[in-house]
Amino acid sequence: MRKKVIGVTPIWDDEKQSIWMLPGYMDRVAQAGGIPVILPLKGSEEDILQAFDLCDGLLLTGGHDVSPALYGQKKKASCGSICDARDRMEEIVYHQALKEDKPVLGICRGIQMINVLQGGTLYQDLPSEYGTEVVHHMEHPYDASAHEVTIQQNTPLYDLFQADHLGVNSLHHQAVHDLGTDLQVMAVSSDGIVEAVRHTRHRFVWGVQWHPELTRWDDGPSKALFAEFVKAC
């Protein structure tokens, strides 16, 4: 049986001027029965699309802040570094995935990118724009629970986890502000931050704000999430 190939968006290292990848993303895809491949960061739109044509699904990874220019705002001092090349590449492959109805899973920056590309906006910096006592940027190690999220009933995520609440890790300073078009919230934190979304007009376009790739290898919800994604592919 042919395994499904999952295109994984590369992470950019400003200091080393090179792409890199956290092994958890690749390992979780492989654990779920897929073959992960890192997509090219740069190149013509035609080259990027040709590479993505080899893939059955798209995994949007964490990393740089999404450029506020993509959602019509000026970059604030509290916004972190951005990577224009990555924003461009992800915009190209995301819209192609929707066009071909290829499944998409967005993690951390990934959920934010999905929201922005659907016309939504972000908090550029939670600590300065959304004062809260909930820990959204935990200390290492990242395989523990930083806070709980409430899973919304009547959503595919609830059907998958069969639970009202889930303890998650958390490592972000940006988050969904205004929800994008055709997106449904599937989970929220106790302070009201959107923690999971899905695209209502496609069979599998999900985003989660936490990091299932950093949890323990035997973590049930993380395994289930990646398995559902690869199965959809």
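## Backbone features, sheet and pockets of a predicted model

Gln-162 sits in the loop that connects helix H6 (156–161) and S9. Its phi is near 50°, a positive value in a residue other than glycine. These values, like those that follow, come from a predicted model. A further backbone feature is the cis peptide bond that joins His-140 and Pro-141, with omega about 5°. Pro-141 belongs to the loop between helix H5 (126–129) and strand S8 (147–151).

### Overall form

Seven helices and 13 strands make up the secondary structure of the protein chain. The C-alpha trace spans about 45 × 40 × 35 Å along its principal axes. For 233 residues, a compact globule would have a radius of gyration near 17 Å, and the 16 Å of the protein chain therefore agrees with that form.

### The sheet and the helices on it

Nine strands form an open sheet with mixed pairing, in the order S4-S1-S5-S6-S13-S12-S11-S8-S9. Its edges are strand S4 (35–38) and S9, each of which pairs on one side only. From one strand to the next, the twist averages 20°.

Within this sheet, strand S5 (residues 57–60) and strand S6 (residues 104–107) pair in the parallel sense, over three bridges. Leu-58 has Val-104 of S6 as its bridge partner.

Which strands does H4 lie across? They are S5, S6, strand S11 (183–189), strand S12 (194–199) and strand S13 (205–208). H4 runs at about 120° to S6. H7 also packs on the sheet, where it touches strand S1 (5–8), S5, S6, S9 and S13. The direction of H7 makes about 145° with that of S6.

### The two pockets

The largest pocket has a volume of about 480 Å³. Its lining comprises 22 residues, of which Gly-62, Gly-63, His-64, Cys-108 and Leu-171 are the closest to the centre. Strand S2 (11–13) and helix H4 (109–117) each supply at least two residues of this lining. H4 thus appears both in the lining of the largest pocket and across strands of the sheet.

The second largest pocket holds about 200 Å³ of space. Among the 16 residues that line the second largest pocket, Gly-167, Val-168, Asn-169, Thr-215 and Asp-219 are the closest to its centre. Two or more lining residues come from each of strand S9 (165–168) and helix H7 (220–232). S9 is an edge strand of the sheet, and H7 touches S9.

The table sets out the linings by residue class.

| Pocket | Nonpolar | Polar | Charged |
|---|---|---|---|
| Largest pocket | nine residues | ten residues | three residues |
| Second largest pocket | eight residues | five residues | three residues |

How values were computed. Residues are numbered from 1 along each chain as its sequence is written. This is a predicted model: local features need pLDDT of at least 70, side-chain atom pairs count only at pLDDT 80 or more; totals for chains, interfaces and linings use all residues. Side-chain values use heavy atoms; hydrogens and water are left out. On a 1 Å grid over the protein atoms alone, a cavity is a set of points where a 1.4 Å probe fits but cannot get out, and a pocket is an open set with protein on both sides within 12 Å along at least five of seven lines; lining residues have an atom within 4 Å of a point. Grid points are joined across faces, edges and corners, and a volume is the space filled by probe spheres set on the points. Helices (H or I, at least four residues) and strands (E, at least two) are DSSP runs, numbered from the N terminus. Ala, Val, Leu, Ile, Met, Phe, Trp, Tyr, Cys and Pro count as nonpolar, Asp, Glu, Lys and Arg as charged, and the others, Gly among them, as polar. Two strands pair if DSSP finds at least two bridges between them. Axes are lines fitted to C-alpha atoms, for helices over the stretch in contact, and angles run from 0 to 180 degrees between N-to-C directions. Contact means heavy atoms within 4.5 Å. The radius of gyration is taken over C-alpha atoms; the globule rule is 2.2 Å times the number of residues to the power 0.38.
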